[in-house]
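These are my notebook entries on one protein chain. I set down what I looked up and what I found.

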Amino acid sequence: MGSGWRGQAAIAEITVEGRVAAVPIDIDIRPASTRNVIELSSRLPLPLAILSSATFNVRMINVATLKFGAVGDEDSLLGCSLAPDINRDRRPDLVCLAAIRRTALAVGDVEGVITGATKSGSNFVGRDDLTVRP
Ligand SMILES: [Ca+2]
Ligand SMILES: [Ca+2]
């Protein structure tokens with residue numbers, strides 16, 4: 001575990017019209033499932049994984065900045081913890097739990113969005129498909 005990690009990789013910042021755009025990262029809503037069904041009536045928290053990559057290490061995340069929901073500005077996260085490796089690429093991942101009723105997700109939505117910043121202040125955004133049921 002963790003042997004593939006080579007330290008803190010720099011995130012490339014893309015400047016669009018003078019502003020720093022959020023760097024896209026990979027997430028996995030419901031890591032155990034590919035269907036990513038969200039049941040609005042469920043009181044169970046929704047697990048989602050933020051995945052490290054060759055250019056992004058979840059250890060760099062300022063967890064207090066994370067938001068997740070229909071557009072990505074919802075204060076829905078209950079907490080996060082570092083996981084050994086969710087997607088078996090030998091890089092550590094971060095697993096977070098979201099309170100579904102605080103996500104603003106509604107039936108018909110097809111995507112969940114997470115936004116946040118690294119400890120050095122770089123913004124990132126991750127998206128994953130989902131299906132919302134009553
Ligand atoms: Ca999934
Ligand atoms: Ca991983």
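The entries below go from the overall fold to single residues.

**Entry 1. Overall content**

I first noted that this is a predicted model. I then looked up the secondary structure and found 0 helices and 11 strands in the chain. Read along the sequence, the pattern is accordingly β-β-β-β-β-β-β-β-β-β-β. I recorded that the chain has 134 residues, of which 28% are buried. I also looked up how far along the sequence the contacts reach. Of the contacts with a separation of 6 or more, 66% are between residues 24 or more positions apart.

**Entry 2. The sheet**

In what order do the strands of the open sheet lie? I read the order as 6-9-10-3-5-8-7, an open sheet of 7 strands with mixed pairing. Strand 6 (61-69) and strand 7 are the edge strands, each pairing on one side only. From one strand to the next, the twist averages 25 degrees. As a general reminder, I noted that strands of a sheet pair through backbone hydrogen bonds, either parallel or antiparallel.

**Entry 3. Strand pairs, from strand 9 to strand 7**

I went through the pairs in turn.

- Strand 9 (residues 111-118) runs antiparallel to strand 10, and 7 bridges join them. Within this pair, E111 has D129 of strand 10 as its bridge partner.
- Strand 9 and strand 10 form a hairpin with 4 residues between the strands, and there G121 takes a positive phi near 95 degrees.
- Strand 10 (residues 123-129) runs parallel to strand 3 (residues 23-29), with 4 bridges between them. I found V125 of strand 10 as the bridge partner of P24.
- Strand 3 and strand 5 run antiparallel and are joined by 4 bridges. D26 is placed opposite L51 of strand 5.
- Strand 5 (residues 46-51) is antiparallel to strand 8 (residues 93-98), and the two share 6 bridges. The partner of I50 in strand 8 is L94.
- Strand 7 (residues 77-83) pairs with strand 8 over 6 bridges in the antiparallel sense. The partner of S81 in strand 8 is V95.

**Entry 4. The nonpolar core**

Which residues of the largest nonpolar core touch the most other members? I found I27, L48, I50, L94 and C96, in a core of 24 residues. Strand 3, strand 5, strand 6, strand 7 and strand 8 each give two or more residues to this core. Strand 5 gives the most, with 5 residues. In general, nonpolar side chains tend to be buried together in soluble globular proteins.

I then followed I50 further. Leaving out residues up to four places away in sequence, I50 touches I25, I27, V58, I61, D93, L94, C96, I114 and G126. L94 is thus on the contact list of I50 and is also the bridge partner of I50.

**Entry 5. Positive phi outside glycine**

I looked up R88 and A104 for their backbone angles. Phi of R88 is positive, near 60 degrees, although the residue is not glycine. R88 lies in the loop between strand 7 and strand 8. Is R88 buried or exposed? R88 counts as exposed because it has 8 C-beta neighbours inside 10 Å, and the cut-off for exposed is 12 or fewer.

A104, likewise a residue other than glycine, has a positive phi near 65 degrees. A104 is in the loop between strand 8 and strand 9. Because A104 has 15 C-beta neighbours inside 10 Å, I entered it as partly exposed.

**Entry 6. K67 and N57**

K67 is in strand 6. With 18 other C-beta atoms within 10 Å, K67 is partly exposed. Which residues does K67 touch, not counting those up to four places away in sequence? I listed G72, D73, E74, D75, I114, T115 and G116. I also looked up K67 against V125: they are 58 residues apart in sequence, and their C-alpha atoms are 9.7 Å apart.

N57 is in the loop between strand 5 and strand 6. N57 has 19 C-beta neighbours inside 10 Å and therefore counts as partly exposed, since a buried residue needs 20 or more. N57 and L94 are 37 residues apart along the chain, with 9.4 Å between their C-alpha atoms.

Note on methods:
Residues numbered from 1 in each chain as written. Chains lettered and ligands numbered in written order. Predicted model: local features only at pLDDT ≥ 70, side-chain atom pairs only at ≥ 80, totals over all residues. Pairing = 2+ DSSP bridges. Contact = placed C-beta atoms within 7 Å. Axes fitted to C-alpha atoms, helices over the stretch in contact; angles between N-to-C directions. Core = buried A, V, L, I, M, F, W, Y, C linked by C-beta atoms within 7 Å.
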